[in-house]
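Subject: A structure for you to look at

Hi there,

Here is the structure I promised to pass on. Have a look at it first, and then read my notes below.

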Amino acid sequence: MALREVLSFPDPLLRRVSEPIEEVTDELRELARDMCDVMYDEPGIGLAAPQVGVAVRMIVVDTEWTEEEAERNPMVVVNPVITHSEGKIVWEEGCLSVPDFTAEVERKAKVVLEGHDLDGKPIREEAEELRAVCFQHEIDHLDGVLFIDHISRLKRMLYTKKRKKQLAAEQES
Ligand SMILES: [Zn+2]
């Protein structure tokens, strides 16, 4: 089965604010499965629904999984929100939707994530470091925010230029 395509910057669809999920339909379950497939294939440690072009508030995360051999344990969160956060941490971030670029981003050091799983069971998790950063990064996607929005204007401008050149070159070839 073909994998869903990951949208990349500067696709305007990445800038939409996603809709809350009122009911988990079969379609959404399929979307969650597809998102996990994409995340492991890329590979990445998290993915938000708008990255595959669906503007609904759902994310998948697996920060434990780092190698092909490692056990896969994806967490799907419906309508995720950060209900508490504290401290600051600077983390080198990248994104499947922002090709060939990483940058240091300041985030909250500790967060509490709340939401529901696909069966409607509440999820509440306290996280720090990579997992806290990942939660914040993925939830940002649901509001149309990319990690490059958190870096300096100059760095963002340089990346935007580089990306446009890259896209122009791709179109020529
Ligand atoms: Zn991302």
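A good place to begin is H141, which has a relative accessible area of 1% and is therefore buried. Please keep in mind that this is a predicted model.

What does H141 do in the model? Together with C95 and H137, H141 coordinates the zinc ion. The atoms involved are SG of C95 and NE2 of both H137 and H141, at 2.0 to 2.3 Å. Along the chain, these donors follow the spacing C-x41-H-x3-H. C95 and H141 link distant parts of the chain: C95 sits in strand β3 and H141 in helix α2 (residues 129-142), 46 residues apart.

Is C95 buried or exposed? C95 has 12% relative accessibility, so it counts as buried, because the cut-off is under 20%.

Next, try finding the nonpolar cores. The largest has 20 residues, and those touching the most other members are L31, M35, L47, V56, M58, V60 and V76. Two or more residues of this core come from each of α1 (26-41), β2 (58-61) and β3 (75-95). Helix α1 gives the largest share, 8 residues.

Which residues does L31 touch? Leaving out residues up to four places away in sequence, L31 is in contact with R4, A49, V52, V54, V56 and M58.

There is also a second, separate core of 14 residues, with V61, M75, L113 and F135 among them.

Enjoy exploring!

Best wishes

Notes: Residues numbered from 1 in each chain as written. Predicted model: local features only at pLDDT ≥ 70, side-chain atom pairs only at ≥ 80, totals over all residues. Heavy atoms only, no water. Core = buried A, V, L, I, M, F, W, Y, C linked by side-chain atoms within 4.5 Å. Buried < 20%, exposed > 50% of the residue type's maximum accessible area, 1.4 Å probe, protein only. Helix = DSSP H or I, 4+ residues; strand = E, 2+ residues; numbered from the N terminus. Contact = heavy atoms within 4.5 Å. Donors = N, O, S within 2.8 Å, 3.2 Å for Na, K, Ca; no water.
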